[in-house]
Amino acid sequence: MINYLCPRCSSLHSVGVDKIFDGRLIFRCSKCNICAIIPTTGSSTDEAYLEFLDRCESGAGIAYADDLKLLMQQEKIIRPSAEIDALIDAAKATGDPLLEQTLHSQQDYIVDFQTIDEPPPELGSLVDNVPVDKAIIDVLKAKKINYLYKFQEEAIKKILQGNDLVITAPTASGKTEAFCIPLLQQVAAEQPLRFGSLRSGKGKVSVIFIYPTKALSRDQLPKIKELAEPLGVRVALLDGDTSESDRKAVIESPPDVIISNFDVLHYHMMHKTKFSRIVRTAKFLVADEAHVYTGIFGANVHHIIARLERLTGRRLQIVAASATLPNASEFCQTLFGRQMHVINGRGRRGRINLAIIFPSLRSYRSLMLDLLRQTTKRKHKTIVFASSHLSSELMAFYGARQGINIRVHRAGLAPALRKEIEQEFKTGQLMAISATPTLELGIDIGSVDAIISNIVPINRLFQRVGRAARRGQQGYAFLALGNDPISQYYKMHPSDYMDDHELAYTDPSNPFVLEYQVLAMTCDKPLLIAESKKMWPVLQKLVSKGIVKLGRDRFVPDLKAALKVLDEYSIRGIGSRVDIKFNNKIVGDRALPQALEELHQQAVYFLGGRRYKVQELHFEPNSQPYAEIAAIPSDYPYYTKALTDDWPSILEIYEKKVIFGIEVAYCALKIQKRVLGYVNIEIGQEVAQGKKVMLDKSLEYEFLTKGFVFRAPRPSYILQKVEDEQYVEMSGFHASEHVIIEGSAMITGGASQDLGGISLGSSGLIVVYDGSIGGNGASRVLYERLDNAFGRSLRILSECSCVSESGCPRCTYSYRCGNNNEFLHKPAAIEVMNRIVEGEKTKIGEKIWGDRALV
C-alpha cells in the first residue's frame, strides 16, 4: 500500500489511499484525520495525490474523518453502524463474533442481512399408516422416522396411482425416500414369493434410477439398498467405473433396481449390449437432480428416454426429483415429453445467517478471500462457490497462497481426485473447498458450516445454502456481489434479487442433437418407415451421408460407420473436444468452440489449482486435436484471455416479433469464430483488461447454432456533438450488446453464461446466440423476455455514476468479451437503450450484413 506525506501535519507516510468501487480515491491522514475524495480519469495515484495537495492548500474539498464517514454512508459506500446493529438485533444474531466483524466492515456495503429459520416441513401421517410393506416401515422406524412429511406422503400416493411426477425440494429434504418407498413397494408387490432374500426364477429390471454423476450414484446406492433389502428387492449399480466382475454379475442375474446414468444407457442401447437387453423390462424411470439436464445435455436426455421407451415397448412411468425450480412443470414437460404432476417440498436444516455484501473499498476477490479467512480461522468448514472453472481455480490459488487449507472441486478433475477431496472434507482434514456448481448436487460431504457464493439467482443460492447446517447446527451464507453490472443493480434494488428466479431450459429440437440421436435410434433397432414420419428430414440427411440405408420397410445403419461417429459424440456437449496432454499423458479435455479460447498457443491454463502454459495446439483437419501444456512457476504474474472475432450468418428465420418498436428475429445461425490473439492479465488485477499479443496465425472454427438478431436505433443526438461519429456509434452498439447480455442474467436466471454476442460495426445489428453447437435454449429464454431485459439494461446504464466513453466494469464491461473490453461508449449506449424503450421503430432489413464485427 502506498503512503504519502501529509501536507497538513507533515507526518511522513501517514496518508493512506483507498480505492472506491467507482474508481475514485480516498486520501486520509492517520495522524490529523484530514481526508478527501479525489475523482480519477485514468490518472495515476501520484497525480491524484497532487490534486489532494492542491485541495489542502486551497482548503476546498477537504474534510475530517467523521465528515468523510457520513459522506460515505450517504453515497452507500458503507452502511451506518446503527442500521447494521438494527439488522443484527432483528435477526437475533447479537454476540456472534463472525457476524459482528463481517457486518461492521468499513470496506464493504452490507446490502442485506437476515436469518433463514424456516419451520420444519409440514408433517403428514404416521409411517404405520402408509400403505406399504411392513418391512419398509420397520426400516424407517429404525432410522427414527416415525412420521412422513406431507410432501412425501403426497408423492407416495401420486406414484402409487401411476402418475408421472416431479418432486422439487432443497438438498437433504427427503426426496429420495419420497420416490424410493412407493417404487420399491410396487417392485416387491409384483415379485413371486420370497424365501428371505431368495426367489424363484430369473430376476428382471423393473426400475432404473438415473443420477447425473457417477459420484452421486455411489453416494445414493447404500441409501436405496437400506430401503430395498428388507423387501428382498435387489439393487445394483452399473456405470463406466463398474468392475468387470460386478458388470458380469449384473448381466447374468439382473437386479430389480439398476442405478446408472444417461451416458451408460445411450452407449449400451446403440451398441446392443447384453445390458441394453436387461433394461428392456423396465417399467419405471427415476431421474434425480433433474434441474441439471439443461441445454445440450437435456436435449440429448429427452431423446434417450424416447429411445429407451421404444426398446421397452411401453410408456415408462417417470419420476423426477429436482432442486426448487419456478418453471418445473414447463421444463419437465419439455425434458420428458409429457405432462408432469409437480409436488413442492421444504427442506430441514438449522438456522442460516445470510448476508449480501458489496465490496466498496476493495475488490470482489479480496472480499471472498477475507470471508474465507474469517470462517476457516474459526474452524468453520467452508465451501466457496464460483461460476466457472477458472474462477474456482483462482480462488484456490489465492487461498493457498495465504495459508488456507483449501482444494479445488470441479468437473474435469479425475474422479479419484474428486473423491479424495470429498473424503478429506468429510473427515475434517480439509477446511475449505473451492467449487463450481458440481457440489450443488446431493453428494454427502459431511457437515458444512459456511457457504461463500458468487452471485447466482436466488433459487440457486438457496440450493447452495442448503449445503450449510444440514446437520441442524447454525450455518452461515455470504453472497458476495462484484464490480459488475448485475451486482451494481442488486446493490440498489435488493428486493429484485429476491424475485429474480433461475429458469431451466433445453431445446430437444436442436438439429445436431436430432441427427446424432436418430442415428443412435437406428443402431438400437432398425427404424420402421411407419414410425419415421417426424424424423424424415433427418433420416434423409443420414442416408445422403451413407451411414443409414433404406431397406424394404425400414432404415438400417451402416453399423461400423455409425458407431464410429457416435462413439466420438458426447451427450453432455456436442462437437469435437480438444485433449489436454501433460508429459504425453491426457490429463483433461475441453469442448469446442470454447477450447480454442482457452488452449491457443501460449495460453495460461488452470488445472487442479496449478497453472500451465500451452506449448503447442495441434488443430489439424481429420485428426484428434490436442494441446500440449507445461508447468509454469508459481510466481508467474499472468493469466490469459483470448481476443476473438465472431462473424454471423442467418440461415433460417424461425419467427419474428416487435418489442417496443424493434423488430427481432429468432433464427438459425452460422458463427465463424477466429481467435486472433490474447491479453496477459496480471494475477490479482480486478479489471479483465491487459496487454495484447497477436498470434502469428489465427485459429478458425465455425459452427451452427440458434439465436436472435435486431437492429438497434442510432444514437443520433450524441452523434451530432462528436467528431469521430463512427467510433462513437460502433462503441455505443457494442456497449448495448454487452449490457443486454450481462443484464439478462437477472431476467433469465443465469442463462447469460451460455450466450455469445456480436455487434456488427456501425450497422446497428446485434446478434445474441447460444454458445453451444446447435443451440442450447438460452437465447430462446432471453428472446421471450427481451422487453424486460431492455428495461433492466437501461436502468443499469443510467444508475451507474460513471461517464465513461471507453468502458466501465460496473455497467458496460463483459467478462466474456473477446475485444479486451474496448470500444464501449456509455452515453451512446444510454441513448440507444432510451430510444428502444421509447418505441423507436427499426427493421432488420433485407441486406442484413454490411460491416465487419467490431474488433
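Here's a quick tour of four spots in this structure, from the N-terminal strands to a residue in β30. Keep in mind that the model is predicted. The stops are a run of strands that starts with β1 (residues 3–4), helix α5 (residues 134–142), a sheet of 3 strands with a helix packed on it, and Gln615 in strand β30.

**Strands β1, β2 and β3**
- Strand β2 (residues 15–19) is mostly covered, with 4 of its 5 residues buried.
- On one hand, β2 pairs with β1 (residues 3–4) through 2 bridges, and the two run antiparallel.
- In that pairing, Gly16 of β2 has Asn3 opposite it.
- β2 also pairs with strand β3 (residues 25–29), again antiparallel, this time through 5 bridges.
- Here Val17 sits opposite Phe27 of β3.
- The hairpin of β2 and β3 has 5 residues between the strands, and Gly23 takes a positive phi there, near 100 degrees.

**Helix α5**
- If you're after the buried side of things, look at Ala135, Ile136, Ile137, Val139 and Leu140, which are buried in helix α5 (residues 134–142).
- The cover over the buried residues of α5 includes two other helices, α7 (175–190) and α8 (214–228).
- At the start of α5, Asp133 puts a side-chain oxygen within 2.8 Å of the backbone nitrogen of Ala135.
- Just after α5 comes Lys144, with a positive phi of about 65 degrees.

**The sheet of β24, β26 and β25**
- These 3 strands make an open sheet, ordered β24-β26-β25, with antiparallel pairing.
- At the edges are β24 (527–528) and β25 (548–550), each of which pairs on one side only.
- Helix α21 (residues 536–544) packs on this sheet and touches β24, β25 and β26.
- The direction of α21 makes about 45 degrees with that of β26.
- Between β25 and β26 (residues 554–557) there are 3 bridges, with the strands antiparallel.
- One pair to pick out is Lys549 and its bridge partner in β26, Val556.

**Gln615**
- Gln615 belongs to strand β30 (residues 610–618).
- Its relative accessibility is 39%, so Gln615 counts as partly exposed.
- Setting aside neighbours within four places in sequence, Gln615 is in contact with Gln601, Glu628, Ile629 and Ala630.
- For a sense of scale, Gln615 and Ile116 are 499 residues apart in sequence, and their C-alpha atoms are 50 Å apart in space.

Technical notes:
Residues are numbered from 1 along each chain as its sequence is written. This is a predicted model: local features need pLDDT of at least 70, side-chain atom pairs count only at pLDDT 80 or more; totals for chains, interfaces and linings use all residues. Side-chain values use heavy atoms; hydrogens and water are left out. Two strands pair if DSSP finds at least two bridges between them. Contact means heavy atoms within 4.5 Å. Axes are lines fitted to C-alpha atoms, for helices over the stretch in contact, and angles run from 0 to 180 degrees between N-to-C directions. Buried means under 20% relative accessible area, exposed over 50%, partly exposed in between (1.4 Å probe, protein chains only). A polar contact is a pair of N or O atoms within 3.5 Å; within protein, one must be able to donate a hydrogen and the other to accept it, and residues adjacent in sequence count only if both atoms are side-chain atoms.
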